[in-house]
Amino acid sequence: MPVTEPQVLDALRPIVDPDFQKSIVELGFVKNVAIEGGRVRFDIELTTPACPVKAEFEKAARERVLQLDDVTEVDVNMTAQTRGRPAAPEGELLPHVKHTIAVASGKGGVGKSTVSTNLALALHQMGGKVGLLDADVYGPSLPLLMGVSGRPETTEKRILPLEKYGLKLMSMGFFVDEGSPVIWRGPMVHGLITQFLRDVDWGELDYLVIDLPPGTGDAALTLTQSAPLSGAVIVTTANDLSLIDARKGLAMFEKVNVPVLGIVENMSYFTPPELPDKKYYLFGEGGGRRTAEEIGVDFLGELPIDPRVVEGGDIGKPILEFDPDCDVANRLRDVAGSVVRKLAVMASAPPVADANITWVGDPS
Ligand SMILES: Nc1ncnc2c1ncn2[C@@H]1O[C@H](COP(=O)(O)OP(=O)(O)OP(=O)(O)O)[C@@H](O)[C@H]1O
Ligand SMILES: [Mg+2]
């Protein structure tokens, strides 16, 4: 007698998603069960293409179903449907973007652009459709970091993003000449940023990563107030000054009810190539983790200082492209994994009192 669908589902029930702490069957991840004699096929649909336990799920599912009587062959198809915010109301910005992630810092030069470019790349490599917006209109660094140049094509109403390494890219740097100083006044900045959000043809994206300008000035404020942000990642270094600035960044997001997904501590330690087991903490150890605990947000990890980050940046290759297997690249992928898992859980949670959220500044 061929196996039945309820038997297949019962066999899969003990597999629990660690983020949701529920069975993948209860979560509705198992879809399209098809049984032909001894052959069983089904999909497991995850909430993010970047699920870190994808391979484990697949293996466990196959093994469990294979143990059933009369099953000779199991075909598991792993898919993903990124759960994003609910369908955007008419006229809202970025209606086809499921998650918008801001990368911020209270202070300049701590590695915000490095984290945003590599975060975007990691999400793409995990299987997501990803865009990267360099919202640092005063000091756009994306063209250099990604090795892209040229003017984006524009039609009457739309600006087409450039593409590199599988990412859709937009930066003020595509419109101004390299080396010329960019001087914008407050209202102009507001206009530019809204144009990037409203007029750029991002298409359908799972994730749009936004590299915010440092601090809490005009451009950062416009963005936090007008973009539908799913969450923010705060980058800091371990010294006291930038930790204080990280707290300011946090306060800015709290004011506009944007959840802070966590803090990344960059340039935490150095490991000399000849001493691969050593970690020299140049600014003291554990500052980022302590600040995160103190202010009640997640700590997403420490990134080492690695000269190859600079080297890669100089030739338009983010570290995930330049040396994808090094420590800093692995840690950046872990950060990306934590971020998408948090977003997936948040998007599946019952909606919080949305009424508390006021979008300051009319985006239209
Ligand atoms: N982990 C790292 N190891 C070594 N160098 C790094 C690391 N992270 C960033 N850098 C280097 O530090 C410099 C500043 O980094 P980045 O441009 O990412 O910072 P930022 O916060 O975006 O700066 P800005 O405020 O100017 O926009 C760059 O030259 C970058 O290559
Ligand atoms: Mg930058």
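1. Domain bounds, as used here, come from an automatic or database domain assignment. For this protein that assignment gives domain 1 as residues 5–80 and domain 2 as residues 97–356. The structure is a predicted model, and the points below should be read with that in mind.

2. The two domains can be described first by their placement. Their centres, taken over C-alpha atoms, are 35 Å apart. Contact between them involves 8 residues of domain 1 and 12 residues of domain 2. On the domain 1 side, the touching residues divide into 5 nonpolar, 2 polar and 1 charged.

3. Next, a sheet built from strands 3, 4 and 5. These 3 strands make an open sheet with the order 3-4-5, and the pairing is mixed. Strand 3 (30–36) and strand 5 (73–80) are at the edges; each has a single partner strand, so one side of each has no neighbour in the sheet. From one strand to the next, the twist averages 10°.

4. Within this sheet, strand 4 (residues 39–46) and strand 5 run parallel and are joined by 8 bridges. Which residue in strand 5 does Phe 42 stand opposite? The residue facing Phe 42 is Val 76.

5. Two helices lie across these strands. Helix 1 (residues 5–12) crosses strand 3 and strand 4, and its direction is at about 130° to strand 3. Helix 2 (residues 54–66) lies across strand 4 and strand 5, at about 150° to strand 5. When viewing the model, a student can trace helix 1 against strand 3, then helix 2 against strand 5.

6. Strand 11 (residues 231–236) deserves its own point. Is this strand largely enclosed or left open? Of its 6 residues, 5 are buried, so strand 11 is largely enclosed by the rest of the structure. A residue counts as buried here if 20 or more other C-beta atoms lie within 10 Å of its own.

7. Strand 11 also has parallel pairings to report. Strand 6 (residues 97–104) runs parallel to strand 11, with 4 bridges joining the two. Strand 12 (residues 260–265) pairs with strand 11 in the parallel sense as well, over 5 bridges.

8. Val 233 gives a way to follow these pairings residue by residue. Val 103 stands opposite Val 233 in strand 11. In strand 12, Gly 262 is the bridge partner of Val 233. Val 233 is thus a place to look for both pairings: with Val 103 and with Gly 262.

Conventions
Residues are numbered from 1 along each chain as its sequence is written. Chains are lettered from A and ligands numbered from 1 in the order in which they are written. This is a predicted model: local features need pLDDT of at least 70, side-chain atom pairs count only at pLDDT 80 or more; totals for chains, interfaces and linings use all residues. Two strands pair if DSSP finds at least two bridges between them. Axes are lines fitted to C-alpha atoms, for helices over the stretch in contact, and angles run from 0 to 180 degrees between N-to-C directions. Two residues are in contact if their C-beta atoms, placed from the backbone, lie within 7 Å. Ala, Val, Leu, Ile, Met, Phe, Trp, Tyr, Cys and Pro count as nonpolar, Asp, Glu, Lys and Arg as charged, and the others, Gly among them, as polar. A residue is buried if 20 or more other C-beta atoms lie within 10 Å of its own, exposed if 12 or fewer, and partly exposed in between; C-beta atoms are placed from the backbone.
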